[in-house]
Amino acid sequence: MMMKRQVSRSFARPASPAWLLVAVALLLGACGGPALRDDIVRDPPGFAPPAAESGPLYEIAQAIAYEHGEEVSGFHLLDGSEESLTWRLALIDSAVTSLNMQTYLWYADASGLLLIDRAIRAADRGVKVRLIVDDLLTIGMDQALFELERHPNIEFRLFNPWKERGLLPRAGEMLQQLERLNQRMHVKLMTVDGRAAVLGGRNIGDHYFGLSEDYNFHDLDVIGIGPVTQPTEALFDSYWNSDWVVSASNIDLEPNPEFAREALEKVRARLATARELEAFPRLPRDWSQELETLAAALHPGRSLLVYDVLSKDGIEQEVAQTLLPAMGRAREELLVTNAYIIPEQPSIDFVRALTERGVRVRILTNSLSSHDVPAVNSHYSPWRDDFIEAGAELYEMRSNGAIQSLVDVSPIS
């Protein structure tokens, strides 16, 4: 199971999340906002195109199928922060037909701007780009989002969007519809050419890629190349075509080409001098050598993608319903790595039932010092003894352990 772990470097208060070009938007006076149009236009259903029949990712997928069979994909875990950003850049730069990106948060910091610039450059060379971002914290971003949607090769959609776009009006809408605060999209994925996918715990932002001087998270992603990409694209399409998303073209604005040009110039000027990005290429390049090395290191295997399903009434929690029976079938060992453990007595009984029939259960979660949500820890901490008495081996993440070398990226480390 994948986990988000915080490695704290100081007690500095984390920056408030924003999305995409928020810094530029604020500089250009876009801190206010209009509203979504009353007559929302729903685009026709859209689906991922057929998988690319050329390009480096196609070649790797074909080699895997030839050696291991058509149902087998190749996998590589992205544990370190530097490689997690590097491989995202490599895959985007290697795209020849399509790029899908879906995330909860997309920060307007160095890594966030680098990735959106790479997506724009991919679109400029003819790659079809689709983006889905949760609308919880897109305040001040309307003109930027609207202009992105106007790019001939970019489509941008908001998940569970707020009608009111400005800070104070949106706050009022949130107070009136508090239930919507719990209906957010935590899917984080990227697919490229129908041949490669990245799935995992990382949002897009410096503290997810080891570049923040205040604090950094340690997350886990996985690259999959091969047939795993098809269900991943089906997951993306299920959100793309749901009633929960709307196109950014529904924001009540008029095109502003001058804004788009100035915003992109400011982004690229910042990227050219960003000290945080010393370890990464600022411009697209050929990744053939790195991809050859990756191809040789991939672990072959079959996969099953499990995810929560959208319905008109809410989000159906299918992950838990699928994972728990699978965990209960463990015969020798169960390893659980999770950032937020919120147990009740059935959880303890579940663990005890496993250990009593000889299954070794090992659990790794956050300590209070490595946590970014203390409220979760306050619920979890009284259950520590119960887990141990049930036979589990319980471990907690340190905030300053040796793993920090995996988390912080030069020049931060």
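1. A good place to start is the pairing of strand E14 with strand E15 (residues 360–366): the two run in the parallel sense and are joined over five bridges. Within this pairing, threonine 337 stands opposite leucine 364 in E15. Please keep in mind as you read that this is a predicted model.

2. Now widen the view to the whole sheet. E14 and E15 belong to an open sheet of three strands, ordered E14-E15-E16, and the pairing is parallel. Which strands stand at the edges? They are strand E14 (333–337) and strand E16 (393–397); each has a single partner strand, so one side of each is left without a neighbour in the sheet. On average, neighbouring strands of this sheet are turned by 10 degrees against each other, direction ignored. As background, strands of a sheet pair through backbone hydrogen bonds, either parallel or antiparallel.

3. Next, some backbone details to look up. Most residues other than glycine have a negative phi, and most peptide bonds are trans. Asparagine 160 has a positive phi, near 50 degrees, and is a residue other than glycine. You will find asparagine 160 in the loop between strand E5 (154–159) and helix H6 (167–176). Is asparagine 160 buried or exposed? With a relative accessible area of 6%, asparagine 160 counts as buried because the cut-off for that class is under 20%.

4. Aspartate 193 is another case: its phi is positive, at about 60 degrees, although it is not a glycine. Aspartate 193 sits in the loop between strand E6 (189–192) and strand E7 (196–200). The relative accessible area of aspartate 193 is 0%, so this residue is buried.

5. One peptide bond also deserves a look. The bond from serine 410 to proline 411 is cis, with omega near 10 degrees. Proline 411 lies in the segment after helix H14 (404–407).

6. Turning to charged side chains, the count of salt bridges comes to 23. In one of them, aspartate 38 pairs with lysine 163, and the closest N and O atoms are 2.7 Å apart. This pair links distant parts of the chain, 125 residues apart: aspartate 38 is in the loop between helix H1 (22–27) and helix H2 (56–68), while lysine 163 is in the loop between E5 and H6. Aspartate 38 is exposed, with a relative accessible area of 72%, whereas lysine 163 counts as partly exposed at 31% relative accessibility.

7. The loop between E5 and H6 also holds arginine 165, whose salt-bridge partner, aspartate 142, is in helix H5 (residues 142–150), 23 residues apart; this pair, too, links distant parts of the chain. The closest N and O atoms of arginine 165 and aspartate 142 are 2.7 Å apart. Are these two residues buried or exposed? Both arginine 165 and aspartate 142 are buried.

8. For a salt bridge within one helix, see glutamate 258 and arginine 261, with closest N and O atoms 2.3 Å apart. Both residues lie in helix H8 (residues 257–273), three residues apart, about one turn of the helix. An α-helix has 3.6 residues a turn, so residues three or four places apart point the same way. Glutamate 258 is partly exposed, with a relative accessible area of 39%, and arginine 261 counts as partly exposed at 40%. Elsewhere, Arg88, Arg202 and Asp221 are linked in a network of salt bridges.

9. Back to helix H5, where aspartate 142 was found. H5 is mostly covered, with eight of its nine residues buried; among them are Leu145, Phe146 and Leu148. What do the buried residues of H5 pack against? Their partners are H4, E5, strand E10 (245–247) and H8.

10. Finally, helix H4 (residues 110–124) offers a simple length check. At 1.5 Å a residue, its 15 residues should span 21 Å, and the end C-alpha atoms are 21 Å apart, which agrees. H4 is mostly covered, as 13 of its 15 residues are buried. Just after H4 comes glycine 126, which takes a positive phi of about 110 degrees.

Technical notes. Residues are numbered from 1 along each chain as its sequence is written. This is a predicted model: local features need pLDDT of at least 70, side-chain atom pairs count only at pLDDT 80 or more; totals for chains, interfaces and linings use all residues. Side-chain values use heavy atoms; hydrogens and water are left out. Helices (H or I, at least four residues) and strands (E, at least two) are DSSP runs, numbered from the N terminus. Buried means under 20% relative accessible area, exposed over 50%, partly exposed in between (1.4 Å probe, protein chains only). Two strands pair if DSSP finds at least two bridges between them. Axes are lines fitted to C-alpha atoms, for helices over the stretch in contact, and angles run from 0 to 180 degrees between N-to-C directions. A salt bridge is a side-chain nitrogen of Lys or Arg within 4 Å of a carboxyl oxygen of Asp or Glu. The expected span of a helix is 1.5 Å times one less than its number of residues. Contact means heavy atoms within 4.5 Å.
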